[in-house]
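Please open the structure in your viewer and keep the selection panel at hand. The tour below proceeds from one selection to the next and states what is found at each stop.

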Amino acid sequence: MPRDTEPPTGGHSPRDPERAGSPDPSEPAALRAPAVPVHGPGLGGAPSRGYRAVFAVVEFRAVFAAHLLSLLGVVVSELALTVLVYDLTDSPLLSALTFALGMLPYLVGGTLFAGIADRYPARRVLVTCDLICAACVAVMVLPGTPVAGLLLLRCLVAAVSPVFTGTRMAALTDILGEGDLFVLGRSLLRIVSQSALLAGFGVGGLLLAVVSPRGAITITVVTFLCSAALLRIGTRDRPARTTGKGGGTLLGESLAGARLVLGHRRIRALLLLFWLPPAFVVAPEALAAPYADEIGVGSAALGLLMCAMPVGSIAAELYTGAALSPRTRSRVVLPLAAAGLLPLVLYGFRPGVALAAVALVLAGAGSAYVIGLDQWFVEAVPDELRGRAMTLLTAGLMTLQGVGMALAGLAAEFFPVHQVVAGAGVVGTLCLLVLVAEVRRTAPAHRIRTEVRDGADQHMTSG
């Protein structure tokens, strides 16, 4: 389980000074986040201060460590749960379903429970989510838990995930401010997520060689509890973004937030720019095994194909975050998004492993556009709606990736795998060209004028 009010019609509402990063005298000095100006050094054409500046913030170090612990535990437990379900049922379908159930409930949790992210203090939400997940996984470990119970608990953990992730994303703006530190902090968490996928499955495979699947799952209980402790001790207790005193129910607030977010033209376009490229780029990963069989290569080559895209993504994100200025990162968002799927067209020539791996590395590198897009999104969404918007972002991202995998698999029933992957690159690029034009049309006029005049990244309204 990876862990992405009034309508926003006239720009940001004033930020609460507490949430903007002003020190609280009652807090220990070590937990006081430094005041980070939205337009501080490094937000124009100057070079970024880099990832080191993010780690200088004590609260972020706690969030980062909690993220790393929970991710490694989750990846190991997902692998172990798949093996456990197969051992109990001898059913490949039910075994595969454990992975699918890690994505499908995101839509439910991200729409019905999104209001939690703004209605309650962020630290309380994050710790509670971790404790709920730890309790669910602890029940999975019990020998008497039936397969249906395992799958139901898997769904519950996945439904909690978008609330956790959306709340944490919104909380990062409190911890790091809304400028370059936030962008780099989000980047670091994404890099950890990609790296955990590469390392976690390897560690999980080795672990399952020496302990039972239930024993491996038990490790996740510990990682969730450690994550909860780190977040409770290492982050400040800030007030909720909304008071919840308007008389509305949690479900009503969640659905109203979704309507506001999706009904706002600029925010909707930015959400789609987050969602669409991953929905298409998952095709070669979903079809890696069939493609390896199609070109007649073994399991070692399959492993290379599975690793190529995360490697490209990690390398490009590190370079973009460390070497490019915020101004440059903003300028490359739309070109990278528009061209990021084009390497998949190489599959149309039915390439061998080496050329296919190159195409996947390049496709992974295209995801670096998200660093600049993060800044646009946090500037477009008002503070009181931010938790719900980011929860919806996460839910849509995971759901559309699941849909993309399913559609790729369905298409491969009727067409050769290499044509399906190439088709995903072509169709995805055409869709993105239309979307990029919409994002350009919704860009605030003052941002365009300012960039033409002096290239500085100024505060962008959401009008």
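Helices (H or I, at least four residues) and strands (E, at least two) are DSSP runs, numbered from the N terminus. This is a predicted model, in which local features need pLDDT of at least 70 and side-chain atom pairs count only at pLDDT 80 or more, while totals for chains, interfaces and linings use all residues. Residues are numbered from 1 along each chain as its sequence is written, and side-chain values use heavy atoms, with hydrogens and water left out.

**Confidence**

Colour the model by pLDDT, the predictor's confidence in each residue, from 0 to 100. The mean for the protein is 78, and 79% of its residues reach 70 or more. Select residues 1–47, where pLDDT stays under 50; the model has 135 contacts for them beyond four places in sequence (contact means heavy atoms within 4.5 Å). Then select residues 448–463, where the pLDDT is also below 50; this stretch has 43 contacts beyond near neighbours in sequence. Where pLDDT is low, the predicted coordinates should not be read in detail.

**A nonpolar patch**

Select Leu-112, which is found in helix α4. With 31% relative accessibility, Leu-112 counts as partly exposed; buried means under 20% relative accessible area, exposed over 50%, and partly exposed in between (1.4 Å probe, protein chains only). Add Val-108, Phe-113, Leu-251 and Leu-255: together with Leu-112 they make a nonpolar surface patch of about 370 Å². The elements that give two or more residues to this patch are α4 (105–112) and α10 (250–263). Patches are made of residues with over 30% relative accessible area and no salt bridge, like charges being joined within 9 Å and nonpolar side chains (Val, Leu, Ile, Met, Phe, Trp, Tyr) within 5 Å. Accessible areas come from the Shrake-Rupley method with a 1.4 Å probe, and for residues only the protein chains shown count as cover.

**Salt bridges**

A salt bridge is a side-chain nitrogen of Lys or Arg within 4 Å of a carboxyl oxygen of Asp or Glu. The whole structure holds 11 salt bridges. Which residue forms a salt bridge with Asp-180? The partner is Arg-329, with the closest N and O atoms 2.1 Å apart. Asp-180 belongs to helix α8 (residues 180–208) and Arg-329 to helix α15 (residues 326–331), so the pair ties together parts that are 149 residues apart in sequence. Both Asp-180 and Arg-329 are buried.

Move next to Asp-374 and Arg-190, whose side chains meet in a salt bridge at 2.7 Å, N to O. Asp-374 lies in helix α18 (residues 369–380) and Arg-190 in helix α8, 184 residues apart. Asp-374 is buried at 3% relative accessibility, and Arg-190 is buried at 12%. Add Arg-186 and Glu-317 to display the network of salt bridges that links them with Arg-190 and Asp-374.

Now select Arg-441 and Glu-438, which meet in a salt bridge at 3.1 Å, N to O. Both lie in helix α20 (residues 417–442), three residues apart, about one turn of the helix. Arg-441 is exposed at 54% relative accessible area, whereas Glu-438 is buried at 16%.

**Helix α13 and a loop residue**

In helix α13 (residues 288–295), select Ala-288, Tyr-291 and Ala-292, which are buried. They cover an arc of only 100 degrees around the axis, which puts them on the same side of α13; the arc is that of the directions from the helix axis to the C-beta atoms. Gly-296 follows α13 and has a positive phi, near 75 degrees.

Finally, select Arg-350 in the loop between α16 (333–339) and α17 (353–365). Although Arg-350 is not a glycine, its phi is positive, about 55 degrees. At 41% relative accessibility, Arg-350 counts as partly exposed.
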